[in-house]
Amino acid sequence: MRTVLVTGPGGAGRTTLAAATALAAARAGTPTLLLTPGPGPLGLPAGPEPTAPAPGLHVVAADPAATFRDGVRGLQDRAGALLGLLGATPLEDGELAPPPGLAPYALLTALHRHATAAYGLLVVDLPAGTDGLGLLAAPALLRRYLDRLLPRQRQAARALRPVLGKLAGVPLPGGEWYEAAARAEAALAASEALLTGPGTSLLPVVEPGRAGTEALRLTRVAASLHGVALDRPLANRVLPEGAFGAAAQRAALRTYEDVREIPHLGAEPADLAGLEALGVPPPGEPAEAPEWTLHDLRARTGLVEWHVPLPGAERGELDLYRFEDELAVTAGPFRSTRPLPSALRRCDVTGAALREDVLRVRFRPTPGLWPEG
């Protein structure tokens with residue numbers, strides 16, 4: 001499935017252009033699902049189940065309240081014995097209200113639930129700004145936490161759990177916990193493939209100006225850090241020559257690289273015809289995704305380098321952390337943790353440098369772990 005993740009700062013028209021992109025694809029004959037984190041754009045009917053406002057186009061809105069209720073119910077069902085031992089009273093549905101910040105994770109749940117082979121294209125209206133871009137790392141991060149809390153290899157001790165439970169005096173996680181963890185891991189892996197796998201791209205939407213320039217920079221950083229292709233950005237609400245504010249927009253547009261201009265039509269679209277009037281094209285095939293590459297420089301410097309493309313990144317916002325056989329790279333508000341290639345697991349990190357939009361992480365082979373010569 002082709003996936004287009006529409007991103008941009010709040011107020012730039014991201015949701016409107018996500019709807020226009022999805023409609024253009026549907027009009028071109030591609031069965032399309034538009035997934036939004038809130039009410040449907042332009043007042044289109046949208047709820048937790050797909051609606052069809054136009055032929056070939058379906059719309060789904062994520063439901064944070066339902067996602068939260070389902071999660072709490074499942075936790076209480078699995079932890080019933082432990083909660084009873086502690087004297088805890090289960091929460092009732094009427095008491096449950098979703099906490100702030102849950103919307104991105106509700107979108108993740110809806111993504112996994114509704115992304116099926118019935119659609120040729122999935123258009124995701126990400127939450128505004130860095131909250132939406134941060135969703136790229138969420139599945140991998142949650143999978144890592146899950147594996148640390150309920151390691152799959154511990155399932156081998158299933159026969160010992162009743163004995164250990166009696167010795168400890170508390171019930172230990174039963175098979176249902178590991179089964180639930182396995183289902184969650186599979187769902188997160190599927191969501192990760194949709195968000196960062198082949199066929200996925202980020203489509204930035206900005207309004208020309210200072211905020212738009214910074215938003216484009218951060219989008220390029222996030223796309224490169226997570227290995228996601230970047231579509232040609234949409235510069236929204238571009239004013240005609242001579243209009244008030246047009247000169248400032250033109251100055252900003254001259255600093256952008258290869259953007260597609262979407263004209264300001266005098267008012268926001270109010271219906272499907274208004275969306276079509278914007279002239280947003282259907283998505284094409286994604287560009288090649290940026291990759292982290294390994295470079296053996298032992299003959300010249302005695303080092304091995306791992307190159308991370310980070311166009312637009314600034315030195316002061318970069319950080320590195322190695323934990324066992326993983327490397328975490330932080331660039332501004334974004335972080336990506338990746339397992340080290342097998343060759344680098346036998347190396348020590350000696351430093352890093354940002355040159356020509358590439359972060360070059362240096363490794364020195366550990367004596368005794370590499371063959372001589």
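# Close-up views of a predicted model

**View 1. A nonpolar patch sits on the surface.** L141, Y145 and L149 together make a nonpolar surface patch with about 320 Å² of accessible area. Remember as you look around that this is a predicted model. Y145 belongs to helix α6, which covers residues 138–149. Is Y145 buried, partly exposed or exposed? Its relative accessible area is 43%, and buried means under 20% while exposed means over 50%, so Y145 counts as partly exposed.

**View 2. Here is the whole chain before we zoom in again.** The chain has 11 helices and 16 strands. Of its 373 residues, 43% are buried. If you take the contacts with a separation of 6 or more, 71% of them come from residues 24 or more positions apart. The chain exposes about 18800 Å², and carbon and sulfur atoms supply 56% of that area.

**View 3. Four strands line up in an open sheet.** Read across the sheet and the order is β10-β11-β16-β15, with antiparallel pairing. Which strands are at the edges? They are β10 (293–297) and β15 (347–355), and each of these pairs on one side only. From one strand to the next, the twist averages 25°. Now pick out β11 (residues 303–309) and β16 (residues 358–365): six bridges pair them in the antiparallel sense. Opposite P309 you'll find V358 in β16. A handy thing to keep in mind while you look: side chains in a regular strand alternate between the two faces of the sheet.

**View 4. β13 and β14 make a hairpin.** Strand β13 (residues 326–331) and strand β14 (residues 334–339) run antiparallel, joined by six bridges. One of the bridge partnerships to look for is T330 with R335 in β14. How many residues lie between the two strands of this hairpin? There are two, and G332 in the turn has a positive phi of about 65°.

Stay on β14 and find S336, which lies in this strand. With a relative accessible area of 8%, S336 is buried. Apart from its neighbours within four places in sequence, S336 is in contact with L225, H226, W292, L327, A328 and V329.

**View 5. L23 is tucked away in helix α1.** L23 has its place in helix α1, which takes in residues 14–27. Is L23 buried or exposed? A relative accessible area of 1% is under the 20% cut-off, so L23 is buried. What does L23 touch, if you skip residues up to four places away in sequence? Its contacts are A54, L57, L272, L275 and E276. Take A54 from that list: L23 and A54 are 31 residues apart along the chain, and their C-alpha atoms are separated by 7.9 Å.

**View 6. L34 is a buried residue in a strand.** This leucine lies in strand β2, residues 32–36. L34 has a relative accessible area of 1%, which makes it buried. Setting aside neighbours within four places in sequence, its contacts are A18, A19, A22, P41, L57, H58, V59, V60 and V123. You can also check L34 against A61: they are 27 residues apart along the chain, with 8.5 Å separating their C-alpha atoms.

**View 7. E185 and R143 reach across between two helices.** Side chains of opposite charge can pair when their charged atoms come close. E185 and R143 form a salt bridge, at 2.6 Å from N to O. Why does this pair tie together parts that are 42 residues apart in sequence? Because E185 lies in helix α8 (residues 175–196) while R143 lies in helix α6. E185 is buried, with a relative accessible area of 17%, whereas R143 is partly exposed at 27%. Look for E192 as well: R143, E185 and E192 are linked in a network of salt bridges.

**View 8. Two more salt bridges, picked from a count of 16.** In one, D258 pairs with R232, and the closest N and O atoms are 3.2 Å apart. D258 lies in the loop between α10 (246–253) and β9 (260–263), and R232 in the loop between β7 (229–230) and β8 (234–238), so the pair links distant parts of the chain, 26 residues apart. D258 is exposed, with a relative accessible area of 53%, and R232 is partly exposed at 36%. In the other, the side chains of D296 and R298 meet at 2.7 Å, N to O. D296 is partly exposed at 49% relative accessible area, and R298 is partly exposed at 35%.

Notes
Residues are numbered from 1 along each chain as its sequence is written. This is a predicted model: local features need pLDDT of at least 70, side-chain atom pairs count only at pLDDT 80 or more; totals for chains, interfaces and linings use all residues. Side-chain values use heavy atoms; hydrogens and water are left out. Two strands pair if DSSP finds at least two bridges between them. Axes are lines fitted to C-alpha atoms, for helices over the stretch in contact, and angles run from 0 to 180 degrees between N-to-C directions. Patches are made of residues with over 30% relative accessible area and no salt bridge: like charges are joined within 9 Å, nonpolar side chains (Val, Leu, Ile, Met, Phe, Trp, Tyr) within 5 Å. Accessible areas come from the Shrake-Rupley method with a 1.4 Å probe; for residues, only the protein chains shown count as cover. A salt bridge is a side-chain nitrogen of Lys or Arg within 4 Å of a carboxyl oxygen of Asp or Glu. Buried means under 20% relative accessible area, exposed over 50%, partly exposed in between (1.4 Å probe, protein chains only). Contact means heavy atoms within 4.5 Å.
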